[in-house]
Amino acid sequence: MRSEIAEFRRAVETETRRRNAEARGSERIARYAVRAPVDQTSFVLAGPDKLAELRRAITPLTRKLATRLAARRRAGRGAPIDIRRTLRRAMGTGGVPMRPAYQKRSKSRVDLVLLCDMSSSVAGFSRFTILLMQALASQFRRVRIFGFVNVVDELTETIATAAPGADLSGNFSDTARMTKWHSNSDYGTAFHDFADQHLDAVGHRTVVLILGDARTNNTDPGLDALHTINERAKAVFFLNPEPARQWSSGDSVAHLYSDIVDMHECRNLAQLRHFVARLLPL
């Protein structure tokens with residue numbers, strides 16, 4: 001009897017889905033009823049189960065990205081073209097430069113600095129990106145990690161002693177050292193604090209990644225401090241977990257920051273993977 005009841009329930013569910021698809025349309029059902037792949041899951045909207053699934057994806061993703069980054073480094077992609085060697089190669093193809101030659105790049109790897117908004121609204125995105133970069137640390141000469149809510153605290157030692165892929169939620173649940181006066185994100189104060197206290201972490205071969213949604217809660221955005229960081233670094237990128245259509249809405253100052261540094265939408269794992277594999281300078 002139990003098996004017959006279970007079979008009847010399955011039949012009812014199947015018929016309900018079929019009629020629902022007929023009434024609402026198959027495209028709408030596919031959009032809202034079918035579970036999205038893990039790499040399309042929004043960092044900001046992901047629940048505990050999804051975040052755990054994302055953490056499990058770190059190890060295989062790291063292996064693929066490390067291989068791709070090493071190949072980019074060997075190929076010299078992004079290095080200036082060596083005109084003399086390119087013309088010499090072109091002699092074998094009738095003067096057409098089919099195979100450009102690149103200048104030899106220094107074997108020294110870049111330094112990486114992460115400046116992460118650890119407030120509750122984007123903490124999941126920051127923690128996942130930290131885990132990914134921790135796993136890719138061998139691809140860089142040095143990695144230093146800083147967190148902030150409205151003041152900056154260095155997290156490098158805490159993360160370096162954690163096991164790769166470990167859940168760091170407990171490590172960062174206490175944001176007292178990243179908070180002053182209030183508990184809301186204040187990018188301007190954080191940028192000034194970083195420029196005053198930690199600018200020695202940035203040099204001519206340092207790539208700085210700022211992780212956050214650029215929502216300042218209507219405080220001073222600290223553009224001069226961001227200019228100072230940008231002028232000192234090799235490159236600065238702002239990774240924003242919000243959809244680009246929401247940038248500069250409400251208290252977001254994404255348009256002001258994007259005038260100073262390159263800002264990229266990184267809502268999910270697929271976009272973050274594309275940035276690391278294709279756009280991150282080596």
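Start by selecting Asp39 and Arg273: their side chains form a salt bridge, with the closest N and O atoms 3.5 Å apart. This pair ties together distant parts of the chain, since Asp39 sits in the loop between α2 and α3 (48–56) and Arg273 belongs to helix α11 (residues 269–279), 234 residues apart. Bear in mind as you click around that this is a predicted model.

Now colour by accessibility, if your viewer does that. Is Asp39 buried or exposed? With 19% relative accessibility, Asp39 counts as buried, because the cut-off for buried is under 20%. Its partner Arg273, at 30%, counts as partly exposed.

**Next stop: Arg141 and Asp111**

Select Arg141 and Asp111. Here you'll find another salt bridge, at 3.0 Å from N to O. Again, distant parts of the chain are linked: Arg141 is in the loop between α6 (123–135) and β2 (142–148), while Asp111 is in strand β1 (residues 111–117), 30 residues away. Asp111 is buried, at 8% relative accessibility, whereas Arg141 is partly exposed, with 39%.

**Along to Arg144 and Glu154**

Stay with strand β2 and pick Arg144, then add Glu154. Their side chains meet in a salt bridge, also given as 3.0 Å from N to O. Arg144 is in strand β2 and Glu154 in strand β3 (residues 152–154), ten residues apart. Glu154 is partly exposed, at 29% relative accessibility.

While you're here, add Arg142 to your selection along with Asp111 and Arg141. Salt bridges with shared partners join Asp111, Arg141 and Arg142 into one network. Why do such pairs form at all? Side chains of opposite charge can pair when their charged atoms come close. How many salt bridges does the model have? The count comes to nine.

**Over to the positive patch**

Show the surface and select Arg63, Lys64, Arg68 and Arg278. Together these residues form a positive surface patch. Which helix gives the most to the patch? That's helix α4 (residues 58–75), with three residues. For a closer look, zoom in on Arg63, which lies in helix α4. Arg63 counts as exposed, at 54% relative accessibility, because the cut-off for exposed is over 50%.

**Two backbone oddities**

Switch to the backbone for the last pair of residues. Most residues other than glycine have a negative phi. Select Asn218, which has a positive phi of about 65° although it isn't a glycine. You'll find Asn218 in the loop between β4 (206–211) and α9. Asn218 is exposed, with a relative accessible area of 70%.

Then go to Ser248, in the loop between β5 (235–240) and α10 (254–258). Where does the phi of Ser248 lie? It is near 70°, a positive value in a residue other than glycine. Ser248 is partly exposed, with a relative accessible area of 32%.

**Last view: confidence**

Finally, colour the chain by pLDDT. The protein averages 85, and 88% of the residues score at least 70. Where is confidence lowest, and where is it highest? Select helix α2 (residues 26–32) for the lowest, at a mean of 61, then helix α9 (residues 223–232) for the highest, at 97. Both of these helices border loops you have already visited: Asp39 is in the loop between α2 and α3, and Asn218 is in the loop between β4 and α9.

Terms used
Residues are numbered from 1 along each chain as its sequence is written. This is a predicted model: local features need pLDDT of at least 70, side-chain atom pairs count only at pLDDT 80 or more; totals for chains, interfaces and linings use all residues. Side-chain values use heavy atoms; hydrogens and water are left out. Patches are made of residues with over 30% relative accessible area and no salt bridge: like charges are joined within 9 Å, nonpolar side chains (Val, Leu, Ile, Met, Phe, Trp, Tyr) within 5 Å. Accessible areas come from the Shrake-Rupley method with a 1.4 Å probe; for residues, only the protein chains shown count as cover. A salt bridge is a side-chain nitrogen of Lys or Arg within 4 Å of a carboxyl oxygen of Asp or Glu. Lys and Arg count as positive and Asp and Glu as negative; His and the chain ends are not counted. The place of a charge is taken as NZ of Lys, CZ of Arg, CG of Asp or CD of Glu. Helices (H or I, at least four residues) and strands (E, at least two) are DSSP runs, numbered from the N terminus. Buried means under 20% relative accessible area, exposed over 50%, partly exposed in between (1.4 Å probe, protein chains only). pLDDT is the predictor's confidence in each residue, from 0 to 100.
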